[in-house]
Amino acid sequence: MFKKMTTATILGLGLIGSTMAVAAKAPSFMSPAWAQELCTAWNNNSTLTEKLAGSWVKNNGGKGYKVMEISDSSMKTVPPVQLEIALQGGKAECLYGGPIKVTRLDYDYDYKMWATTHNWHHMGSPLTAMMFGRLNFKGPKMEAMENMRPFDAFLKLVKEVPATIPAP
């Protein structure tokens, strides 16, 4: 009987250890590595790649891509990250996810979004989130309003891309 309990205990500890190893491999939330994973997730999301492939992605001020800067207002020492979205093969593809490259955003075309860690992970619809101050936003507001469904898909990705949450 003792031998069976020991084996079960060892197996249980092995499962805990492997779960911790998987969690340890996830990049830190809002890190450049996490932004790269978010970019990949964007490209695997048909709502984003297809629904934003029209006027949204083309409204880029002639630079050929839109910038989305995102940050976590709870993590004061963690710099924002950026995504660059461009029309590629008839789809709104994320071409870059990582540290800030574009330092001057043009809010007629580009987006800046920030929220607390808690709000990023418990975000409801974009409209509700903005109305109740859970999501802060700068950018072309009418364009964003016309694309609420894709932005809802984007907000879901932010919380679904695996990440470790650094201590405050």
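This presentation describes the sheet of one predicted model, followed by its charged pairs and its aromatic rings.

Good morning. I shall begin with the sheet. Five strands make up an open sheet, in the order E3-E2-E1-E4-E5, and the pairing is mixed. Strand E3, residues 91-99, and strand E5, residues 136-138, are the edge strands, since each of them pairs on one side only. On average, neighbouring strands of this sheet are turned by 20 degrees against each other, with direction ignored. Helix H2, residues 32-43, packs on the sheet and touches E1, E2 and E3. The direction of H2 makes about 175 degrees with that of E3.

Let us now turn to strand E1, which covers residues 66-72. How many of its residues are buried? The count is seven of seven, and the strand is described as mostly covered. In a regular strand, the side chains alternate between the two faces of the sheet. In E1, one side carries Lys66, Met68, Ile70 and Asp72, and the other side carries Val67, Glu69 and Ser71. Both faces are covered, with these residues all buried.

What are the partners of E1? Towards E2, residues 81-88, the strands run antiparallel and are joined by five bridges. Within this pairing, Ile70 has Val81 of E2 as its bridge partner. Towards E4, residues 111-115, the pairing is parallel, again over five bridges. Here Met68 stands opposite Tyr111 of E4. Please keep Tyr111 in mind, as we shall return to this residue.

Strand E4 also pairs with E5; these two run antiparallel and are joined by three bridges. Met113 has Phe137 in E5 as its bridge partner.

My second topic is charge. Side chains of opposite charge can pair when their charged atoms come close. Across the whole structure, the search finds five salt bridges. I shall discuss three examples.

One of them joins the side chains of Lys112 and Glu69, at 3.7 Å from N to O. This pair links distant parts of the chain: Lys112 belongs to strand E4 and Glu69 to strand E1, 43 residues apart. Is each partner buried or partly exposed? Lys112 has a relative accessibility of 24%, so it counts as partly exposed. Glu69 has a relative accessible area of 9% and is therefore buried, the cut-off being under 20%.

Another salt bridge is formed by the side chains of Lys101 and Glu84, at 3.6 Å from N to O. Again, distant parts of the chain are linked: Lys101 lies in the loop between E3 and E4, and Glu84 in strand E2, 17 residues apart. Glu84 counts as buried because its relative accessibility is 9%. Lys101 has a further contact to mention, for it lies over the face of Tyr96, at 4.1 Å from the ring centre. A comparable arrangement involves Lys63, whose charged end sits over the ring of Tyr65, 5.6 Å from its centre.

The third example joins the side chains of Lys156 and Asp152, at 3.4 Å from N to O. Both residues lie in helix H8, residues 148-160, four residues apart, which is about one turn of the helix. Lys156 has a relative accessible area of 40% and is partly exposed. Asp152, at 22% relative accessibility, also counts as partly exposed.

My last topic is the aromatic rings. A pair of aromatic rings is described by the distance of the centres and the angle of the planes. The whole structure contains seven aromatic pairs. In the pair of Tyr111 and Phe137, the ring centres are 5.6 Å apart and the planes stand at 45 degrees, so the pair is tilted. Because Tyr111 lies in strand E4 and Phe137 in strand E5, this pair ties together parts that are 26 residues apart in sequence. Both of these residues are buried.

Tyr111 also forms a tilted pair with Phe151, with 5.3 Å centre to centre and 50 degrees between the planes. Since Phe151 lies in helix H8 and Tyr111 in strand E4, this pair ties together parts that are 40 residues apart in sequence. Tyr111 is buried, with a relative accessible area of 0%, and Phe151 is buried as well, with 7%.

Which residues form the aromatic cluster? The members are Trp42, Trp56, Tyr111, Phe137, Phe151 and Phe154, in one cluster.

To close, let us return to Tyr111: this residue stands opposite Met68 in the pairing of E4 with E1, and it is also a member of the aromatic cluster. Thank you for your attention.

How values were computed:
Residues are numbered from 1 along each chain as its sequence is written. This is a predicted model: local features need pLDDT of at least 70, side-chain atom pairs count only at pLDDT 80 or more; totals for chains, interfaces and linings use all residues. Side-chain values use heavy atoms; hydrogens and water are left out. Buried means under 20% relative accessible area, exposed over 50%, partly exposed in between (1.4 Å probe, protein chains only). Two strands pair if DSSP finds at least two bridges between them. Axes are lines fitted to C-alpha atoms, for helices over the stretch in contact, and angles run from 0 to 180 degrees between N-to-C directions. Contact means heavy atoms within 4.5 Å. A salt bridge is a side-chain nitrogen of Lys or Arg within 4 Å of a carboxyl oxygen of Asp or Glu. Rings of Phe, Tyr and Trp (its six-membered ring) pair if their centres lie within 6.5 Å; planes under 30 degrees apart count as stacked, over 60 as edge-to-face and the rest as tilted. A charge sits over a ring if NZ of Lys or CZ of Arg is within 6 Å of the ring centre and within 35 degrees of the ring normal.
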